[in-house]
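User: I'd like to go through this structure with you, one pocket and a few charged pairs at a time. Can you take my questions as they come?

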Amino acid sequence: MKNAYLIITALVISCFSAKAQFSLSGEVNARGEYRNGFKRPILESQDPAFFIEQRTRLYANYKMEDLEVQVDLQDVRMWGEDGIVDKDYSGSFGISQAWARYYMTSNLSMKMGRQIISYDNQRMFGGLEWAMQGLRHDALLFMYEDTLGLKIHVGGAFNQNPTTGGEPVRLTGTYYPSFTGNGPYHATGNYKHMEYAYLNKKFSAASLSLYLINDARQYGLEDSVANRQSYGLMAMKKLGGLTLNAEGFYQGGKMGLSDLSAYMFSLSGTAKTSITPLTIGYDYLSGQDTGSEKTTAFAPLFGTNHALYGFMDYFYVGNGHLGGLQDIYLKTKFKVGKGALLGHLHYFLTAADVMDGAGATIDKGLGTEVDLVYVRKLGASGTLKVGYSQMFATDSMETVKGITSETASINNWAWVQLIFKPKFI
């Protein structure tokens with residue numbers, strides 16, 4: 001913590017150099033949530049949850065001719081987590097981002113440190129800024145970007161246990177114990193190593209992106225590492241007032257001891273109207289084929305799934321979905337007074353056949369979700385967001401979620417969020 005303050009102090013002092021630029025900004029972000037069937041149908045015997053969570057950040061950025069440094073301090077806490085008179089604070093204080101970017105030429109740079117990796121619609125790489133803690137990688141990137149619309153990024157990461165908190169200084173081996181194992185590994189669900197290449201080319205009325213990703217997970221003994229490969233394409237084309245999007249990904253390699261063969265694709269179109277844009281789309285993510293010896297369930301890796309598969313986070317947000325997913329959706333957004341109202345309608349189905357406890361195949365239909373979010377600016381640095389979502393779940397949803405008790409008749413979620421991002425320097 002003291003080191004972080006020293007870094008920012010050094011950056012402030014450095015900003016007085018002739019060619020340096022320094023900026024300092026902040027964020028105070030609080031969200032109150034009423035959860036009555038969020039992530040899974042709530043049981044009749046359960047009470048809804050209500051809480052207020054807050055994220056506070058301090059952003060410091062330093063730029064000179066060939067170097068840029070970003071340091072973001074972050075505190076995440078639940079209101080009431082600490083006593084009103086308390087010397088020992090229990091919130092999560094630390095580094096959100098801490099990276100340096102060195103420009104070898106005007107087009108070629110190297111970026112090193114803890115950072116957001118986010119591309120396109122955040123299907124496979126995203127910052128997950130909806131979650132207060134966000135999603136970050138400790139990685140090294142080589143980045144080529146020119147003024148003609150070509151972007152090529154090649155990056156990698158190698159993760160290891162810390163050498164503090166009782167962990168002996170590592171002298172041999174690269175073992176990375178899992179959180180559920182006997183070791184002191186603290187980063188739940190993390191990969192052992194990850195390598196990727198990303199290429200994007202923008203045209204006057206189109207764009208094309210290519211993904212090549214390898215992520216390795218340690219699953220057993222010291223040398224038991226399974227490598228999973230993901231290959232994908234994303235394309236966008238504008239035809240007058242119509243925007244078409246298509247994407248497809250295939251995953252191969254290994255998941256633990258099992259061979260992997262999974263895929264997903266997405267098709268959508270957005271039309272401009274005199275009142276509001278309308279988006280109609282269809283996503284398909286393969287599920288586990290019960291008759292296959294391979295793993296056939298697609299995993300969207302490091303994406304911001306909250307933004308893609310319904311705001312109530314029933315799928316792929318901290319919860320796997322072996323049945324796969326089909327998502328037929330309609331999205332729109334229009335002005336309401338001094339703000340804007342966003343509306344999403346999803347109809348969810350499984351992609352693979354799913355059996356119930358008696359061995360019978362259940363109906364694929366999982367339910368319909370309605371998401372509404374009102375957004376309004378508050379002055380120069382503030383934003384108010386108010387959201388309401390409701391899931392009309394089917395009996396198949398209960399089977400997929402492993403629920404055997406009686407569920408409540410209504411599953412909904414409501415929230416209010418206030419965000420202030422002032423610029424200090």
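User: By class, how many nonpolar, polar and charged residues are in the lining of the second largest pocket?

Analyst: Keep in mind that this is a predicted model. The pocket in question holds about 950 Å³ of space, and 39 residues line it. Sorted by class, that lining comes to 13 nonpolar, 16 polar and 10 charged residues.

User: Which residues lie nearest the centre of that second largest pocket?

Analyst: The lining has 39 residues, and five of them are picked out as lying nearest the centre. They are Trp 130, Ala 307, Phe 311, Leu 342 and Lys 385.

User: Which element gives the largest share of the lining of the second largest pocket?

Analyst: Start with the elements that give two or more residues to the lining: β1 (21-36), β14 (325-336), β15 (339-349), β16 (365-378), β17 (382-393) and β18 (411-420). The largest share is four residues, and it comes from β18.

User: On to charges. How many residues apart in sequence are the parts tied together by Glu 27 and Arg 57?

Analyst: The whole structure has 16 salt bridges, and the side chains of Glu 27 and Arg 57 form one of them at 4.0 Å, N to O. Glu 27 sits in strand β1 and Arg 57 in strand β2 (residues 49-63), so the pair ties together parts of the chain whose separation in sequence is 30 residues.

User: Is Arg 57 buried or exposed?

Analyst: The cut-off for buried is under 20% relative accessible area. Its partner Glu 27, at 2%, counts as buried. Arg 57 has a relative accessible area of 4%, so the call for Arg 57 is buried.

User: What about the salt bridge between Asp 82 and Arg 77: which class does Arg 77 fall in, buried or partly exposed?

Analyst: Their side chains meet at 2.3 Å, N to O. Asp 82 has a relative accessible area of 15%, so Asp 82 is buried. Arg 77 has 21%, and the buried class needs under 20%, so Arg 77 is partly exposed.

User: Where in the structure does the salt-bridge partner of Arg 123 lie?

Analyst: Arg 123 pairs with Asp 283, with the closest N and O atoms 3.1 Å apart. Both residues are buried. Arg 123 is in the loop between β5 (108-115) and β6 (137-145), 160 residues from Asp 283, which lies in strand β13 (residues 278-285).

User: Last one: which residues do salt bridges with shared partners join into one network?

Analyst: Glu 27 came up already, in its salt bridge with Arg 57. Salt bridges that share partners put both into one network, and the full membership is Glu 27, Arg 55, Arg 57, Glu 129 and Arg 136.

Technical notes
Residues are numbered from 1 along each chain as its sequence is written. This is a predicted model: local features need pLDDT of at least 70, side-chain atom pairs count only at pLDDT 80 or more; totals for chains, interfaces and linings use all residues. Side-chain values use heavy atoms; hydrogens and water are left out. On a 1 Å grid over the protein atoms alone, a cavity is a set of points where a 1.4 Å probe fits but cannot get out, and a pocket is an open set with protein on both sides within 12 Å along at least five of seven lines; lining residues have an atom within 4 Å of a point. Grid points are joined across faces, edges and corners, and a volume is the space filled by probe spheres set on the points. Ala, Val, Leu, Ile, Met, Phe, Trp, Tyr, Cys and Pro count as nonpolar, Asp, Glu, Lys and Arg as charged, and the others, Gly among them, as polar. Buried means under 20% relative accessible area, exposed over 50%, partly exposed in between (1.4 Å probe, protein chains only).
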